[in-house]
Amino acid sequence: MATAEKQNEFAFPTKKKEPIGDAEHVRNAVARFNQVRGVTDSERDTAWRRIRVAARKHGVEIEARGWRSLRGGGKQRRKRS
């Protein structure tokens, strides 16, 4: 498999984070999306688009309209009590 093809199997290909090569990995990438650290919002936007494409390819339905609507809302800071 060529390097470009292997990179297409990741939501964040330059970081090699969140594999999306099959349906199980796509579901896992969505579930753990907000746990990815060290990436910008722009990289998250791109990764979310990659996940959506992979989900359609593998027949996975994603209810969230965008990564910001996932539980935790991305990089929001939590209020301290």
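Let me begin with Gly21, which is partly exposed, with a relative accessible area of 39%, and which sits in the loop that runs between strand 2 and helix 2. I should say at once that what we are looking at is a predicted model, and every value I quote has been computed from it.

If we set aside the residues within four places of it in sequence, Gly21 is in contact with Glu9 and His58. There is also a pairing across the chain to point out, since Gly21 and Ala55 are 34 residues apart in sequence, while their C-alpha atoms are 9.6 Å apart in space.

Gly21 also belongs to the lining of a pocket, and that is where I would like to go next. Which residues line the second largest pocket? The lining consists of Asn8, Glu9, Ile20, Gly21, Arg50, Val53, Ala54, Lys57 and His58, so that Glu9 and His58, the two contacts of Gly21 that I have just named, appear in the lining as well. The space in this second largest pocket comes to about 200 Å³, and, sorted by class, its lining has three nonpolar, three polar and three charged residues. As a reminder of the idea behind such a search, rolling a probe the size of a water molecule over the atoms shows where empty space is left.

Let me now step back to the overall layout. The protein has three helices and two strands, and, read along the sequence, they follow the pattern α-β-β-α-α. Of the 81 residues in the protein, 33% are buried. Among the contacts between residues at least 6 apart in sequence, 46% join residues at least 24 apart.

Helix 3 deserves some time. It runs over residues 41–58, and at 1.5 Å a residue its 18 residues should span 26 Å, which agrees with the 25 Å that separates its end C-alpha atoms. Which residues of helix 3 are buried? They are Arg44, Ala47, Trp48, Ile51, Ala54 and Ala55, and, because they fall within an arc of 130 degrees when one looks down the axis of helix 3, they line one face of the helix. The general background is that an α-helix has 3.6 residues a turn, so residues three or four places apart point the same way. On the face of helix 3 turned away from that buried side we find the exposed residues Arg49, Arg56 and Lys57, and the last of these, Lys57, is also among the residues lining the second largest pocket. The buried residues of helix 3, for their part, pack against strand 1, residues 10–12, and against helix 2, residues 23–31. Just after helix 3 comes Gly59, with a positive phi near 70 degrees.

One residue of helix 3 that I would single out is Asp45, which is partly exposed at a relative accessible area of 26%. Apart from its neighbours within four places in sequence, Asp45 is in contact with Trp67 and Arg68, and its C-alpha atom lies 8.5 Å from that of Gly66, a residue 21 places away along the chain.

Helix 2 can be described in a similar way. Its buried residues are Ala23, Val26, Ala29 and Val30, and they cover an arc of only 120 degrees around the axis, which puts them on the same side of helix 2. On the other side, Glu24 and Ala31 are exposed. The elements that cover the buried residues of helix 2 include strand 2, residues 17–19, and helix 3.

Turning to the strands, Ala11 in strand 1 counts as buried, at 2% relative accessibility. Not counting residues up to four places away in sequence, Ala11 touches Lys17, Glu18, Ile20, Ala47, Arg50 and Ile51, and its C-alpha atom is separated by 9.3 Å from that of Glu43, 32 residues away along the chain.

I will finish with two backbone angles. Most residues other than glycine have a negative phi, yet Lys16 has a positive phi near 55 degrees, and Glu18 a positive phi of about 60 degrees. Are these two residues buried or exposed? Lys16, in the loop between strand 1 and strand 2, counts as exposed at 55% relative accessibility, whereas Glu18, in strand 2, is buried with a relative accessible area of 13%.

Technical notes:
Residues numbered from 1 in each chain as written. Predicted model: local features only at pLDDT ≥ 70, side-chain atom pairs only at ≥ 80, totals over all residues. Heavy atoms only, no water. 1 Å grid on protein atoms, 1.4 Å probe; cavity = no way out; pocket = protein on both sides within 12 Å on 5 of 7 lines; lining within 4 Å. Points joined across faces, edges and corners; volume = space filled by probe spheres on them. Nonpolar A, V, L, I, M, F, W, Y, C, P; charged D, E, K, R; others polar. Helix = DSSP H or I, 4+ residues; strand = E, 2+ residues; numbered from the N terminus. Expected span 1.5 Å × (residues − 1). Buried < 20%, exposed > 50% of the residue type's maximum accessible area, 1.4 Å probe, protein only. Arc of directions from axis to C-beta. Contact = heavy atoms within 4.5 Å.
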